[in-house]
Amino acid sequence: MSESAEPFAAERTAGARHGWLAGVNPVAKLAASAVIALPLVFTLDIVSAAVAVVLECVLFLFAGLSWRTFWIRTAPVWIAAPLTGVTIALYGRSSGTVVFEWFIMRVSEGSLELALATFLRVLAIALPSVVLFVTVDPTDLADGLAQVWRLPARFVMGALAGLRMVGLFIDDWRALELARRARGVADAGRLRRFFGMAFALLVLSIRRGSKLATAMEARGFGADTPRTFARESRFGASGWILVAIAAAVSIIAVAAAVATGAFNFILGPQD
Amino acid sequence: MNTAGTRPARIDARGWGWRHAGRAAWAVAGLELRIDAGERVLLLGASGSGKSTLLHGLAGVLGGDEEGEAAGELLVDGAPAAAARGRAGLVLQDPDSQVILARVGDDVAFGCENLGVPREQIWPRVHDALDAVGLDVALDRPTKALSGGQKQRLALAGAVAMRPGLLLLDEPTANLDPRGVGEVVGAVGRVLDATGATLVVVEHRVDAWLPLVNRVIVLGAGEAGTTVVADGSPQAVLGGTGATLAAAGVWVPGFGPRHPSPPTTAEAETLLDATGLAISRVHRPRKASDAAFAPNVVAREIALDVRAGSALAVTGPNGAGKSTLGLTIAGLLAPVAGRVRAAPILAGELGPDPMRWRSRELLTRIGTVFQDPEHQLLSATVRGELEVGPRALGLGQAEMDARIEPLLERLRLDRLARANPYTLSGGEKRRLTVAAALATAPRMLVLDEPTFGQDARTWAELVALLAELRDEGTGIVVVTHDDDVVRALHAKRYALEVQR
């Protein structure tokens with residue numbers, strides 16, 4: 001292998017991590033998700049969310065994601081969004097004609113409209129976030145946060161190293177479960193056992209964490225020397241393009257809502 | 001390897017001591033020691049003599065005033081060790097807790113980044129370090145896919161990339177299988193030959209390290225603080241104090257722990273047998289027909305039987321599924337295919353499938369000792385830990401005491417009866433979990449790596465105890481990569497290979 005300063009670019013082929021989007025700085029993806037989400041969080045109408053979803057779906061075609069990956073990764077969103085909608089329809093603030101009523105459930109025209117707006121909103125915010133983050137590698141994100149946004153390296157790298165321990169916790173949890181069966185205490189008291197295991201896991205994770213901290217310190221982590229970065233993280237033109245696209249989606253969505261008179265700013269005067 | 005920038009370090013301890021915060025006793029006190037640049041030192045001593053503390057002190061990772069109190073001076077090249085970041089590289093015992101980043105190249109580069117090495121110099125250093133330790137994998141290889149020996153060499157490469165003048169190794173091979181031990185020792189030898197760095201290594205199993213070192217220092221804790229009990233060439237020290245060291249738990253060649261006598265009784269009837277077994281740690285089969293080919297299956301077509309009064313050793317390299325097999329025949333994991341069947345002599349009034357027994361019903365039938373003792377600790381005291389099983393069986397206090405007292409004494413836990421299990425040493429924890437399993441007198445005992453990282457004294461005690469249980473008619477299953485255990489117990493061997 002050649003000793004270039006960026007030895008991974010050519011080799012990174014795992015999973016969905018290729019295509020145009022994979023080369024965009026993770027920080028740009030974070031910013032783009034925020035730019036799309038922001039206006040949608042502060043409005044509550046059908047038009048802006050619907051326009052955003054439609055535009056996003058067109059853009060997804062160019063994201064370089066296979067259909068299979070797309071549906072697998074976004075499946076939770078497709079489940080959560082309708083559930084949110086149904087909840088709002090049943091229990092949301094009602095207005096207009098009441099369509100259906102039973103106990104505390106009351107479905108009205110107003111709550112149905114609210115439900116549809118919420119459903120679309122969840123899709124419009126969550127789908128692009130999922131699609132953008134499928135191609136984000138945690139290490140690259142940490143590099144970006146530390147170099148592009150200049151967040152403290154101590155905090156970012158510490159969080160990154162800690163994240164890697166999550167897999168160990170899952171193994172620990174399984175072992176704790178089996179060990180309790182082996183020790184004869186797994187027949188009853190499920191709730192109490194759960195808390196006991198949670199506490200044991202906490203103790204184990206603190207121990208693992210302090211060992212990891214020692215290993216990191218032994219490699220000079222936390223010293224006063226200014227830290228350098230082995231991998232350069234550049235925001236670059238592609239980053240700006242992605243953020244610009246996200247901004248365009250937001251602007252078009254809000255503009256469409258204003259133009260049709262549907263615009264409903266949640267902090268503004270209520271009708 | 002490019003050795004520019006590597007200058008062997010000199011060590012001076014002048015009345016140095018360290019007391020961990022919240023402890024009354026000093027871990028190290030009044031230590032006087034000098035190690036010259038380029039020396040290769042094996043540091044020995046009984047457990048509690050302060051070896052690890054000294055190593056951590058030299059690496060500058062003992063921490064500040066909140067972590068403990070220091071006395072005297074500990075100098076690396078004449079400067080306080082704590083201020084000499086980057087002069088020392090430290091490799092610790094546990095392979096899993098030393099991996100810092102997700103990709104091999106990034107992990108090795110981590111130390112260089114922290115030292116502020118310019119980017120264009122980092123990647124050549126990473127390549128040199130990986131070459132030096134003989135870890136020939138792609139830079140973007142996921143670190144979690146490495147074996148234990150590879151992880152330890154990765155940690156070594158991470159230290160080497162910092163170009164330290166002092167290499168500190170704290171039991172770097174205690175958790176490895178024999179192949180991993182060879183890999184790591186070989187890698188350290190190549191690094192030292194290339195850099196000439198000073199080496200201080202702490203390790204119970206000295207035989208693997210003897211060809212590499214030219215000085216052995218034995219620490220002892222006495223009235224006057226930490227003293228150097230013996231110091232000199234390996235031949236002189238081990239020849240002179242070998243017997244004393246062996247008694248203190250060090251594995252000295254020629255003074256190895258005594259093996260128990262062979263089985264006194266002939267092998268008796270089968271307690272449990274397994275046929276056509278396919279095992280997995282997570283998978284639960286939906287269809288029996290395709291289950292044997294499920295992706296998570298680590299081993300298949302396993303057939304074995306566990307007999308009363310006999311020991312069975314499950315051996316094989318890391319990742320072959322030894323622990324999973326142990327848990328499966330212990331009635332804790334359901335097999336993906338095939339079956340585990342307990343004979344009526346073991347099952348009693350219950351059915352033959354141990355997975356269908358209740359947790360409490362396992363206690364008198366199959367006892368399990370896990371690889372990591374901390375996974376199975378349940379109580380706030382050592383004594384409480386031993387009472388868990390008998391209490392679940394509904395035994396009265398008198399009978400409980402009658403069982404627990406002899407166990408506490410037998411496993412040298414009587415003085416620790418009120419201690420919190422989490423505060424025990426590794427060897428004490430191991431003895432505790434074995435005692436806890438024995439408190440309910442199971443007919444069959446499954447132990448996962450019971451001798452992992454144990455000193456020679458604990459090793460000898462455990463093996464003697466297992467041999468005694470075997471001769472009393474218990475069926476013993478040990479999952480191990482320690483060939484000495486297999487030999488000492490005269491165990492039958494069931495060898496697993498890495499599949500896939």
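In the predicted model, the C-alpha centres of domain 1 and domain 2 of chain B are separated by 34 Å, domain 1 spanning residues 11–247 and domain 2 residues 270–495. The contact between these two domains draws on eleven residues of domain 1 of chain B and ten residues of domain 2 of chain B. On the side of domain 1 of chain B that touches domain 2 of chain B, six residues are polar, three are nonpolar and two are charged.

Strand pairing in chain B was examined around strand E9, which comprises residues 215–222. Strand E3 of chain B, formed by residues 40–45, pairs with E9(B) in the parallel sense, and five bridges connect the two strands. Within this pairing, Leu43(B) is placed opposite Ile217(B) of E9(B). E9(B) is also joined to strand E10 of chain B, residues 225–232, through seven bridges, and here the strands run antiparallel. E9(B) and E10(B) together make up a hairpin in which two residues lie between the strands, and Gly222(B) has Gly225(B), in E10(B), as its bridge partner.

In chain A, the packing of helix H3, residues 67–91, against helix H4, residues 109–134, was considered. The axes of H3(A) and H4(A) lie 8 Å apart and enclose an angle of about 160°; since angles over 145 degrees count as roughly antiparallel, H3(A) and H4(A) are therefore assigned to that class with respect to each other. The crossing in which H3(A) passes H4(A) is right-handed. By residue class, the contact of H3(A) with H4(A) consists of 17 nonpolar residues, six polar residues and one charged residue.

The contact between the two chains involves 45 residues from chain A and 58 residues from chain B. On the side of chain A that touches chain B, at least two residues are supplied by each of helix H5 (138–147), helix H7 (166–182) and helix H8 (190–218) of chain A. The largest share of this side, ten residues, is contributed by H8(A). In terms of composition, the side of chain A that touches chain B contains 24 nonpolar residues, 14 charged residues and seven polar residues.

Technical notes: Residues numbered from 1 in each chain as written. Chains lettered and ligands numbered in written order. Predicted model: local features only at pLDDT ≥ 70, side-chain atom pairs only at ≥ 80, totals over all residues. Pairing = 2+ DSSP bridges. Helix = DSSP H or I, 4+ residues; strand = E, 2+ residues; numbered from the N terminus. Contact = placed C-beta atoms within 7 Å. Nonpolar A, V, L, I, M, F, W, Y, C, P; charged D, E, K, R; others polar. Domains from an automatic or database assignment. Axes fitted to C-alpha atoms, helices over the stretch in contact; angles between N-to-C directions. Parallel < 35°, antiparallel > 145°, perpendicular 65-115°, else oblique. Left-handed = near helix turned anticlockwise from the far one by under 90°.
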